[in-house]
Protein chains: 6
Amino acid sequence: MSRPSGRAADALRPVTIEPGFARHAEGSALIRFGDTHVLCTASVEERTPPWLRGSGKGWVTAEYGMLPRSTHSRMGREAARGKQSGRTQEIQRLIGRSLRAAVDLTALGERSIVVDCDVLQADGGTRTASITGGYVALCQAIATLGLKRSPVFGQVAAISVGIYNGTPVLDLDYDEDSVAETDMNVVMNEAGGFIEVQGTAEGHAYRREELDAMLDLAGAGIRQLHQIQAQALAG
Amino acid sequence: MSRPSGRAADALRPVTIEPGFARHAEGSALIRFGDTHVLCTASVEERTPPWLRGSGKGWVTAEYGMLPRSTHSRMGREAARGKQSGRTQEIQRLIGRSLRAAVDLTALGERSIVVDCDVLQADGGTRTASITGGYVALCQAIATLGLKRSPVFGQVAAISVGIYNGTPVLDLDYDEDSVAETDMNVVMNEAGGFIEVQGTAEGHAYRREELDAMLDLAGAGIRQLHQIQAQALAG
Amino acid sequence: MSRPSGRAADALRPVTIEPGFARHAEGSALIRFGDTHVLCTASVEERTPPWLRGSGKGWVTAEYGMLPRSTHSRMGREAARGKQSGRTQEIQRLIGRSLRAAVDLTALGERSIVVDCDVLQADGGTRTASITGGYVALCQAIATLGLKRSPVFGQVAAISVGIYNGTPVLDLDYDEDSVAETDMNVVMNEAGGFIEVQGTAEGHAYRREELDAMLDLAGAGIRQLHQIQAQALAG
Amino acid sequence: MSRPSGRAADALRPVTIEPGFARHAEGSALIRFGDTHVLCTASVEERTPPWLRGSGKGWVTAEYGMLPRSTHSRMGREAARGKQSGRTQEIQRLIGRSLRAAVDLTALGERSIVVDCDVLQADGGTRTASITGGYVALCQAIATLGLKRSPVFGQVAAISVGIYNGTPVLDLDYDEDSVAETDMNVVMNEAGGFIEVQGTAEGHAYRREELDAMLDLAGAGIRQLHQIQAQALAG
Amino acid sequence: MSRPSGRAADALRPVTIEPGFARHAEGSALIRFGDTHVLCTASVEERTPPWLRGSGKGWVTAEYGMLPRSTHSRMGREAARGKQSGRTQEIQRLIGRSLRAAVDLTALGERSIVVDCDVLQADGGTRTASITGGYVALCQAIATLGLKRSPVFGQVAAISVGIYNGTPVLDLDYDEDSVAETDMNVVMNEAGGFIEVQGTAEGHAYRREELDAMLDLAGAGIRQLHQIQAQALAG
Amino acid sequence: MSRPSGRAADALRPVTIEPGFARHAEGSALIRFGDTHVLCTASVEERTPPWLRGSGKGWVTAEYGMLPRSTHSRMGREAARGKQSGRTQEIQRLIGRSLRAAVDLTALGERSIVVDCDVLQADGGTRTASITGGYVALCQAIATLGLKRSPVFGQVAAISVGIYNGTPVLDLDYDEDSVAETDMNVVMNEAGGFIEVQGTAEGHAYRREELDAMLDLAGAGIRQLHQIQAQALAG
């Protein structure tokens, strides 16, 4: 099997994280998975959603957007159409759930952190890049709070896997994703636990052994992403 | 371990499917997973979405809604609020993808089938009941078309699994779902292939062996649902 | 004259009311006027609209919806279109006004009751079925409040009348309604007083004696509905 | 009984119609029912709604609006709130139905006439003034079409009646309407036929003899309005 | 050069202001610039926007609308389309800014004045007529407050200028505006200071000397408008 | 006088233009005016708005957005709120008009170019940076069309000027803009002609000599921007 990208089946695209990219935000990172570029910012707000008021707990949420010409052909601007698509809402719910899985909301206290993930350029894997980069922005923002005990108790990253031409492959780019038979997004913590697994058969249903192989690939990829995140935060 | 429902860990709730419940629709089924009741209708429309026109292919799509007082406390009506929630959109996209996985859209021809899944009463598992019942309504509607070769090439059903109190359990009701540590929805075909796996850690991340145990439970549950579907369609 | 339904000019369709149909609601009823089936639920909320706060008075309001395939051909889902039609709003305003005419809002106290009328299947007369069934759900819900003095001081039911082929007829079904020259909805209390009269000429203007004949028919029909309501509430 | 307005129970407010008030519209009239002032314009458009295309039939429709400070205290502007209220939609549907009752849509041909009724100043009875003035604008606009046979086959006007302090009265102004026990709008043609009757009990249900008395008052009032319309059109 | 209107290059259209046109508003004026007629009302509200609460300051804001048939051909009603156009929002922001430039918001106290400018008939220059007439309505409304010291410290009026056929001209009507090469709106106070200058090249870019000539024309025109405003307020 | 930025009254911030920043767009540029960073992309679409179809003419339009955390404190996302603010619409209308002033739409042919200006980081002057950078993206996109005769007949750039502490200054940053007494945006072509002048008094009205001084400053600043644009396009 030969992937369109020329990568080995278990190879990530070049991944870089540029922390502190945005001047105003409490936390930020520009993350690149190859030609997929996502600007992640984390904003601290000293209030929580209504249903948490008085509970002593905080909240972490995410919003996601694509610049209209981040894509091969221009997409309509969601602000102009007056609503976010189902896909956008599904992705931002996923990012928010994934990041909350790493944070002790009680230790955070009654405040919110909003993680905005805006895709400047898209080439597949924007949601996994958003989670991986959003984690870095989130950690930066929390660090500015000067809390005695960090509410971050885990490390979260995400990667896509799929079946391309019958072979399980890691980190699909747009060309691969368009023709993959199965597309799976996996979010894991540093202990190898699963935060989220979302696998969709695009062409034919996938068998249990294919599922197992994809999860193995994902686990190895995410361990690399955890290292890149740690370096970005240490830098 | 003892489930709130008193069921064995691998036991479904009583499942019934009442086909032909709605007088006007080409296909319909009232499906009950215990106290979860969903009215599924399938409507044939002799047109396709714009991007398919002239392609010779048809389309299958789904919409999902909950009656305002299907739930323990009344929810606002989405029509009155002027938009569908992210959850609603996510669920109807899942139902649509799952049902399309069983249909040869070229054999369907240039027409659409809209499967409406409306929750009359909710007690957990509304999306899996919608997929399972929606499949029956879809098959009924397609049968009315009198096509020489049926475009339905697979059988699709769905069930939820989770980790309750440390133990993997099948088909969570509302009380169980509220406190489950992990919630996973699995859609499978009659050959045991996966159409969709969506597993979310609610409390702590789940380990690989927990994932495996949940998938085993789901597979056994879905085989029972396939039989109930077949009986409903044979009736 | 022979009606399409074969009924006598002054004959209702078979009317049944199944109280307690919905498990979660404080009050509920599935009402059937022939093939028109409406699920009515009444939800108690311990708050009132802003303009009543502090007044000591409560509120009764209604919402109305049709399942997309309750009708002969599928209608677009209002939640998906992002707004309720003028017809929907007109009907739910009518239901709300009619039910409030039977309730002493001061005796109800500072709480709201929301009556949801969702049409599962439509064959003409959905608004009159909604009022008639909504009254039963409302009474059930109020009974759960355990108030010393019931705020319900009247009994309210509704029926449609029209001129079909020159003859005044009672309780038009869809086939009759489509070709009727006049369509009138009448809401009355148990003392024969009018709560609401809405008569629209569809074909030609109706004369005073036709109006009188329609009101006579409506009065007789509503007396039967009052008995059916009373039996459902007594059951 | 003494009305707040000092008028006799069967007296209209001073009614004037100023045709041709708006320079650009094909038909227009400023109608005044006392301090209620409505600007009605009729616009001819050489197209019909989609469901009539190719049918050879035309369409008459109406839109209604109130200037934000036409009322005693300022109302929010519907354009700014992003939606028309249920009341607005109910009124414009009523105006449209009433005016269509006077027009042979086949004789009109495949074109539309949009009647806009904008309330410059409100003091009760805006919907009946809109119908009465809208009819004049509509006739003017149709006259500009130069059709051989006029599609206008009837004359339509509207008035409100109510029970004030136990007595049936004609043409309620705002002060009377606010405290009336019953409010009824009646639309009639020149032959005394009813186009629309909408009577709502505000306080207590109204009896059959009260209904009869209100209809008698309305009939007499509308005969006067028909004369005022005819003079305006003859002018 | 000969203008379509036959006016001299520096001549205003006949301008009239009819104060107190609307019965309910605290201040009102019907202003006519030739065939452009705008009804301006000013409403006092005893609250301020959230960001001013507790600041001791008040607010002046404006809303703008056109009746659907104020124009040569009918425009869609913004309330029916569910949103205000960009043009509408731009104009109402301009009117609000211009009027605030004449008012000491601290002296006004914690209350708001909403100036509604509704175009009854349009023939070019609706935004400048709105500012000029809105000022009169605003002054009337403020006078009703009985404040010891008037918060109005300046006089504001507006006019359009443009280059028509190579010549700078004052107060363009619709026919002139449609073919003008440049369109400029100027808002000035009674001391000849500029509140707002908005000049747009429609055809070719305008030179500095053309800009200067237009500003000279505008200054002279606005002095006349200030006199007409003063007479209306003195009347 | 000493500006907060320490710049001379007639000094621009450091301006850089990075053309070709976005991989997928036909034209793109990342423009920086100091800490204001705007990503401009130009997308070619082989269709025009409805009102131009069949006219042989093309169209150039612009859309504008700010990333939620481009600003000092986070702004709500317009896509999530479901509408673009009046400010956004006003700015994108200004950008579109300005760019169209440099293009012969007939020579462009029946196609559209959409220029998206997305603010990654804001520090004052985002609209003038958008116009200046958008021009570069537009020229790049048009160059890809391979037209014999370029439809670009002019060069367009924009800058802000204002009165700070009584002195006219060029290119205000956020700190200066917040306290400026007057804010003026000027769009000019390479021949020194004005495309657009928009000057707003924030504090007190500005005098004619202040206006003149601001226009002089703007002219000198724009000549520098024209050189920077030319270098970016030549590179």
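Is C:Gly58 buried or exposed? Keep that in mind while you get set up. This is a predicted model, in which local features need pLDDT of at least 70, side-chain atom pairs count only at pLDDT 80 or more, and totals for chains, interfaces and linings use all residues. Residues are numbered from 1 along each chain as its sequence is written, chains are lettered from A and ligands numbered from 1 in the order in which they are written, and side-chain values use heavy atoms, with hydrogens and water left out.

**Stop 1: C:Gly58**

Select C:Gly58. With a relative accessible area of 0%, this glycine is buried (buried means under 20% relative accessible area, exposed over 50%, and partly exposed in between, using a 1.4 Å probe and protein chains only). You'll find C:Gly58 in the loop between β3 and β4 of chain C. Helices (H or I, at least four residues) and strands (E, at least two) are DSSP runs, numbered from the N terminus.

Now show C:Thr106 too: 48 residues separate it from C:Gly58 along the chain, yet their C-alpha atoms are separated by 6.2 Å. Leaving out residues up to four places away in sequence, C:Gly58 touches several others, including C:Thr48, C:Leu52, C:Leu105 and C:Arg111. A contact here means heavy atoms within 4.5 Å.

**Stop 2: strand β5 of chain C**

Next, pick residues 112–121 of chain C, which make up strand β5. This strand is largely enclosed by the rest of the structure, because 10 of its 10 residues are buried. Two strands count as paired if DSSP finds at least two bridges between them. Add strand β3 (residues 36–45) of chain C, which pairs with β5(C) in the antiparallel sense over nine bridges. To see one match-up, look at C:His37, which stands opposite C:Gln121 in β5(C). Then add strand β4 (residues 59–66) of chain C; this one runs parallel to β5(C), joined by eight bridges. Here C:Trp59 has C:Ser112 as its bridge partner in β5(C).

**Stop 3: C:Ile113 and the core**

Stay in chain C and click on C:Ile113. Among the residues it touches, not counting those up to four places away in sequence, are C:Ala42, C:Val44, C:Trp59, C:Val60, C:Leu108 and C:Leu138. C:Ile113 is also one of the residues with the most contacts inside the largest nonpolar core, along with C:Met184, C:Val186, D:Ile113, D:Met184 and D:Val186. That core has 128 residues. A nonpolar core is a set of buried Ala, Val, Leu, Ile, Met, Phe, Trp, Tyr and Cys residues joined through side-chain atoms within 4.5 Å. In soluble globular proteins, nonpolar side chains tend to be buried together.

**Stop 4: chain A as a whole**

Zoom out and colour chain A. It has six helices and nine strands, and its C-alpha atoms fill a box of roughly 55 × 40 × 35 Å along the principal axes. Of its 235 residues, 63% count as buried. Chain A has a radius of gyration of 18 Å, which agrees with the value near 18 Å for a compact globule of 235 residues (taken over C-alpha atoms; the globule rule is 2.2 Å times the number of residues to the power 0.38).

While you're here, select A:Asp171, in the loop between β7 (167–170) and α5 (174–179) of chain A. What is its phi? A:Asp171 has a positive phi of about 60 degrees, although it is not a glycine. Most residues other than glycine have a negative phi. A:Asp171 is buried, with a relative accessible area of 0%.

**Stop 5: how the chains sit together**

Show chains A and F. A turn of 180 degrees and a shift of 0.0 Å along the axis lay chain A on chain F with an RMSD of 0.0 Å (a least-squares fit on the C-alpha atoms of residues with pLDDT of at least 70 in both). The two copies are thus related as by a two-fold rotation axis. They use the same surface: 100% of the contact residues of chain A recur in chain F. Switch to chains A and D, and no contact joins them; their closest C-alpha atoms lie 12 Å apart.

**Stop 6: F:Gln89**

Finally, go to helix α2 (residues 86–100) of chain F and select F:Gln89. F:Gln89 is buried, with a relative accessible area of 12%. Its contacts include E:Gln84, E:Ser85, E:Gly86 and E:Gln89 over in chain E, not counting residues up to four places away in sequence.
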